[in-house]
Amino acid sequence: MGIEFDPFAQFQDFAHPEKFVSASWLSARLGTDGLRVVESDEDAFLYDIGHIPGAVRIDWHRDLNDQTGRDFIDGEAFAKLMDSKGIGRDDTVVIYGDRNNWWAAYTAWVFELFGHPDVRLLDGGRDAWMGEERDTSYAVPDYPSRNYPVVERQDKPRRAFVDDVRSRTKKHLLIDARGPEFYAGVEHLTQTDPNCSSPVQRHGHIPGAVNHPWGASVYPNGRVKDRASIAEAYAHTLSTVDTDNPSVIAYCSNGQSAAHTCFILRNVLGIEDVALYDGSWAEWGNMVRMPIERELD
C-alpha cells in the first residue's frame with residue numbers, strides 16, 4: 001500500500017517526512033498506479049487555466065462541505081466523492097493548491113478525518129510547480145470508480161469545537177495563526193483586508209490565545225523551512241505552556257491557514273496532539289456573549 005517516500009534531504013529531518021513531496025519527486029512519478037494528485041485551491045478556477053497533468057480538482061467549499069448545515073460531508077458522501085475522482089482507499093494522495101497550500105492543507109486534514117492512510121502535501125503547492133515551469137494540462141481526467149468504502153468521519157482528536165476551546169486547561173496551547181493586526185483587532189483592517197474572508201461582529205482574539213502567524217514556517221515562495229528554523233520560530237510560543245508535550249488548538253479566520261499550522265506542528269515538529277478549531281474567528285467573533293481580547297494602542 002502506498003508509494004515510496006520522497007528522499008529529499010530536508011524532509012528527512014521532519015518528524016513525518018512521509019507527509020511531504022517535492023515537485024521533482026512528483027513529476028517523476030506522474031501516472032504511477034496507486035498515485036492520485038489532487039488540486040484544492042481557494043480560487044477553484046485556477047484549475048481550469050492549467051494544472052498538474054492527471055490531477056483532479058476537489059473544491060473545498062463545494063465538495064467537502066455539507067450544503068445544508070455548517071459541517072463537513074459524512075462518510076457516504078466522502079466515499080461518493082472519492083469514487084467520482086477515481087481515488088481508492090489504498091492510493092497515495094498528493095494534494096497541492098494556491099495560497100501557500102492553505103486550502104490543500106485543509107483538504108488533507110479532511111482526508112485524515114476519514115482516516116485515509118496516505119495523504120501528502122506538495123511542498124510549495126501550485127506556485128512551486130508553476131514556478132519551475134513544469135508540465136501542465138487543461139485536460140480533466142475521468143477515472144473509473146475505485147469503490148471507496150464508506151468510512152465514518154472521526155472528528156476527534158484532530159478537530160476542536162467551541163466547547164473544547166472554552167474548557168481547555170493550562171496544558172493546552174491556543175494558537176492564533178492570523179496576522180498580528182487581526183489578532184490585535186484592528187477593525188478597519190479586518191473589515192477591508194482580502195485575507196479576512198468572513199465578516200464578524202467583533203474583532204480581536206480568543207482570550208489566552210498566543211499569536212503565531214502561519215507564515216513563520218515557510219519561505220516567501222511557500223516552501224516549508226527546515227526543521228531547525230521552524231523550531232526556533234516556535235520556541236517562544238511553545239514555551240508559554242509548562243509542559244514538554246503540549247496539546248495545541250489552532251485557529252484563524254475560517255480554519256484555512258490554521259490547517260497549515262496544524263500540518264506543520266504535527267509533521268515537522270512532531271507535536272502529535274494538535275487540533276484544528278475550524279469554527280475559528282468566524283464562529284467565535286459572531287457568538288453572543290463570547291469574550292474577546294484586543295491589543296490596540
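Trainee: Which residue of E4 stands opposite Glu39?

Mentor: Glu39 stands opposite Tyr96 in E4. The model is a predicted one, in which local features need pLDDT of at least 70 and side-chain atom pairs count only at pLDDT 80 or more, while totals for chains, interfaces and linings use all residues. Residues are numbered from 1 along each chain as its sequence is written, and side-chain values use heavy atoms, with hydrogens and water left out.

Trainee: What makes E2 and E4 paired strands?

Mentor: Strands are DSSP runs of E with at least two residues, and helices are runs of H or I with at least four, both numbered from the N terminus. Two strands pair if DSSP finds at least two bridges between them. Strand E2 (residues 35-39) and strand E4 (residues 92-96) are joined by five bridges and run parallel, so the pair satisfies that rule.

Trainee: Where do E2 and E4 stand in their sheet?

Mentor: The sheet is open, has five strands with parallel pairing, and follows the order E1-E5-E4-E2-E3. Its edge strands are E1 (20-21) and E3 (56-57), each of which pairs on one side only.

Trainee: What is the strand order of the sheet that contains E9 and E10?

Mentor: This open sheet of five strands, with parallel pairing, has the order E6-E10-E9-E7-E8. E6 and E8 stand at the edges with a single partner strand each, so one side of each has no neighbour in the sheet. Within the sheet, strand E9 (residues 247-251) is joined to strand E10 (residues 274-277) by three bridges, and the two run parallel. Ile249 stands opposite Ala275 in E10.

Trainee: How are the bounds of domain 1 and domain 2 obtained, and which residues does each cover?

Mentor: Domain bounds come from an automatic or database domain assignment. For this chain, the assignment gives domain 1 (9-132) and domain 2 (159-285). Their C-alpha centres lie 22 Å apart.

Trainee: How many residues of domain 1 are in contact with domain 2?

Mentor: With contact taken as heavy atoms within 4.5 Å, 25 residues of domain 1 are in contact with 28 residues of domain 2. Buried area is the accessible area (1.4 Å probe) that two parts lose on being put together, summed over both. The two domains bury about 2500 Å² between them, 58% of it on carbon and sulfur atoms.

Trainee: Why is the pair of Asp71 and Arg159 called a salt bridge?

Mentor: The term requires a side-chain nitrogen of Lys or Arg within 4 Å of a carboxyl oxygen of Asp or Glu. The closest N and O atoms of Asp71 and Arg159 are 2.9 Å apart, so the pair meets the cut-off. Between domain 1 and domain 2 the count is two salt bridges. Helix H4 (residues 102-113) gives the largest share, seven residues, of the side of domain 1 that touches domain 2.

Trainee: What does the salt bridge of Lys19 with Glu112 tie together?

Mentor: The closest N and O atoms of Lys19 and Glu112 are 2.9 Å apart. Lys19 lies in the segment before E1 and Glu112 in helix H4, so the salt bridge ties together parts that are 93 residues apart in sequence. The structure holds 18 salt bridges.

Trainee: How do you know that Asn211 makes polar contacts with Asp176 and Arg178?

Mentor: A polar contact is a pair of N or O atoms within 3.5 Å; within protein, one must be able to donate a hydrogen and the other to accept it, and residues adjacent in sequence count only if both atoms are side-chain atoms. The side chain of Asn211 reaches the backbone oxygen of Asp176 at 3.0 Å and the backbone oxygen of Arg178 at 3.0 Å, so both distances fall within the limit. Asn211 is found in strand E8 (residues 210-211). By the same rule, 12 residue pairs are in polar contact across the interface of domain 1 and domain 2 (both at pLDDT 80 or more).

Trainee: Which residues are joined by a cis peptide bond?

Mentor: Lys156 and Pro157 are joined by that bond, with omega about 10°. Pro157 is placed in the loop between helix H5 (125-131) and strand E6 (159-160).
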